[in-house]
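Work through the exercises below with the sequence and the 3D view side by side. Try each task before you read its solution.

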Amino acid sequence: MKPTPLEHQLINSEFAVYDCEIRLKFRLIEEKQALNDRERLLEMLLDAFSYGADEFLEALNVHFEVAEVPETQASPQMRRQLIRLRNSRESI
């Protein structure tokens, strides 16, 4: 039995959709004014955490969960991006 194009695509795909949950708890020494800009707050905290523990940052708890989900649960924009990625890999 010959696989359908969809089955063939799923078997050979290097890309998938994932639900990711990250819970971080850490202590950070930072200037008080730096935390007032709410738009940059998450970016700054993730940058600080990605550099790792030092005398200014102490990790207290790190937990993450990653699970592959069916593509049908992704937004239309994400599904279009998956198609673009797969098509670009096939053209190489």
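**Exercise 1. Locate Glu71, decide whether it is buried or exposed or in between, and find its distance to Val17.**

Step 1. Glu71 lies in the loop between S2 and helix H3 (76–90). Helices (H or I, at least four residues) and strands (E, at least two) are DSSP runs, numbered from the N terminus.

Step 2. The relative accessible area of Glu71 is 23%, so this residue is partly exposed. Buried means under 20% relative accessible area, exposed means over 50%, and partly exposed is in between (1.4 Å probe, protein chains only).

Step 3. Along the chain, Glu71 and Val17 are 54 residues apart. Their C-alpha atoms are separated by 6.0 Å.

Two notes on the source: this is a predicted model, where local features need pLDDT of at least 70 and side-chain atom pairs count only at pLDDT 80 or more, while totals for chains, interfaces and linings use all residues. Residues are numbered from 1 along each chain as its sequence is written, and side-chain values use heavy atoms, with hydrogens and water left out.

**Exercise 2. Describe how the elements of the protein chain are ordered.**

Step 1. Count the elements: the protein chain has 3 helices and 2 strands.

Step 2. Read from the N terminus on. The order is α-β-α-β-α.

Step 3. Look at the contacts (heavy atoms within 4.5 Å). Of those in the protein chain with a separation of 6 or more, 75% are between residues 24 or more positions apart.

Step 4. Check burial. Buried residues make up 11% of the 92 residues in the protein chain.

**Exercise 3. Find the salt bridges of Arg23, and say which residues form a network.**

Step 1. Start with the rule. A salt bridge is a side-chain nitrogen of Lys or Arg within 4 Å of a carboxyl oxygen of Asp or Glu. Side chains of opposite charge can pair when their charged atoms come close. The rule gives 4 salt bridges here.

Step 2. Arg23 meets Glu21 at 3.1 Å, N to O. Arg23 is partly exposed, because its relative accessibility is 42%. Glu21 is partly exposed too, at 40%.

Step 3. Glu65 also meets Arg23 in a salt bridge, at 3.4 Å, N to O. This pair links distant parts of the chain: Glu65 sits in strand S2 (residues 57–69) and Arg23 in strand S1 (residues 17–28), 42 residues apart. Glu65 has 41% relative accessibility, so it counts as partly exposed.

Step 4. Put the pairs together. Glu21, Arg23 and Glu65 are linked in a network of salt bridges.

**Exercise 4. Which parts of the chain does the salt bridge between Arg27 and Glu58 tie together?**

Step 1. Confirm the pair: the side chains of Arg27 and Glu58 meet at 3.6 Å, N to O.

Step 2. Place both ends. Arg27 is in strand S1 and Glu58 in strand S2, so the bridge ties together parts 31 residues apart in sequence.

Step 3. Compare the labels. Arg27 counts as exposed because its relative accessibility is 52%. Glu58 is partly exposed, with 41%.

**Exercise 5. Find the aromatic pair and classify it.**

Step 1. Recall the cut-offs. Rings of Phe, Tyr and Trp (its six-membered ring) pair if their centres lie within 6.5 Å; planes under 30 degrees apart count as stacked, over 60 as edge-to-face and the rest as tilted.

Step 2. The whole structure holds 1 aromatic pair. The ring centres of Phe26 and Phe49 are 5.0 Å apart and their planes are at 35°, so the pair is tilted.

Step 3. Phe26 belongs to strand S1 and Phe49 to helix H2 (residues 38–51), 23 residues apart. Phe49 is partly exposed, at 21% relative accessible area.

**Exercise 6. Which element has the lowest mean pLDDT, and which the highest?**

Step 1. Define the score: pLDDT is the predictor's confidence in each residue, from 0 to 100. The protein chain averages 81, and 83% of the residues score at least 70.

Step 2. Helix H1 (residues 5–12) has the lowest mean, 48, and S2 the highest, 92.

Step 3. Over residues 7–11 the pLDDT is below 50, and beyond near neighbours in sequence this stretch has 3 contacts in the model. Where pLDDT is low, the predicted coordinates should not be read in detail.
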